[in-house]
Amino acid sequence: MEARMKSPANADVMTAIQHLYKAIHAGGVDPRVLGLVHLRASQINGCSPCVFAGVAAAKKHGETDERLHNVVTWRETPFFTEAERAALALTEAATRIQDGAPGVTDEIWDAAAAHFDEKQLAAINLEIAMTNFFNRINRTNREQAGKTW
């Protein structure tokens, strides 16, 4: 499989994306939580370049192989805090929005709100949205894992 485009974004788009990432990182959420959110959404969407980049970035923030290998099975493992579990549940519900899906239920939202304040929830929601944005672009353009942007 080959990438369909060499440069899918122009300078204005990249500037806007940089501003969104500044807002995410100004939200006060532990970068490790944001990394888990990014990785889980990318796994759900089957975005190989985002999974690859997400693992590399998470390791730079001190994530362990044990936890990274188990993000996909976070419910069945003892490796994640209750706050991380709430963020992962929110990620899954917000990412899986196909026809008929319940989306983010009050129960899922309330669990996340029990661990994160409004500014942090806004940052997590924006991280979920940005990850889904890039997952869709990368899947459409057939971006390859391992590529450096």
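In this structure, Leu34, Val37, His38, Ala41, Ser42 and Asn45 of helix H2 are in contact (heavy atoms within 4.5 Å) with Ala123, Ile124, Glu127, Ile128, Thr131, Asn132, Asn135, Arg136 and Arg139 of helix H7. Helices are DSSP runs (H or I, at least four residues), numbered from the N terminus. The model is predicted: local features need pLDDT of at least 70, side-chain atom pairs count only at pLDDT 80 or more, and totals for chains, interfaces and linings use all residues. Residues are numbered from 1 along each chain as its sequence is written, and side-chain values use heavy atoms, with hydrogens and water left out.

**H2 and H7**
- The residues of this contact divide into 6 nonpolar, 6 polar and 3 charged.
- Two packed helices are described by the angle and the distance between their axes.
- The axes of H2 and H7 cross at roughly 35 degrees and come within 9 Å; axes are lines fitted to C-alpha atoms over the stretch in contact, with angles from 0 to 180 degrees between N-to-C directions.

**Nonpolar core**
- The largest nonpolar core (buried Ala, Val, Leu, Ile, Met, Phe, Trp, Tyr and Cys residues joined through side-chain atoms within 4.5 Å) has 27 residues; buried means under 20% relative accessible area with a 1.4 Å probe, protein chains only.
- Val29, Val33, Val37, Val71, Leu90, Phe116 and Ile124 touch the most other members.
- H1, H2, H5, H6 and H7 each give two or more residues to this core, and the largest share, 6 residues, comes from H5.
- Beyond its neighbours within four places in sequence, Val33 is in contact with Glu84, Ala87 and Phe116.

Methods
Buried < 20%, exposed > 50% of the residue type's maximum accessible area, 1.4 Å probe, protein only. Nonpolar A, V, L, I, M, F, W, Y, C, P; charged D, E, K, R; others polar.
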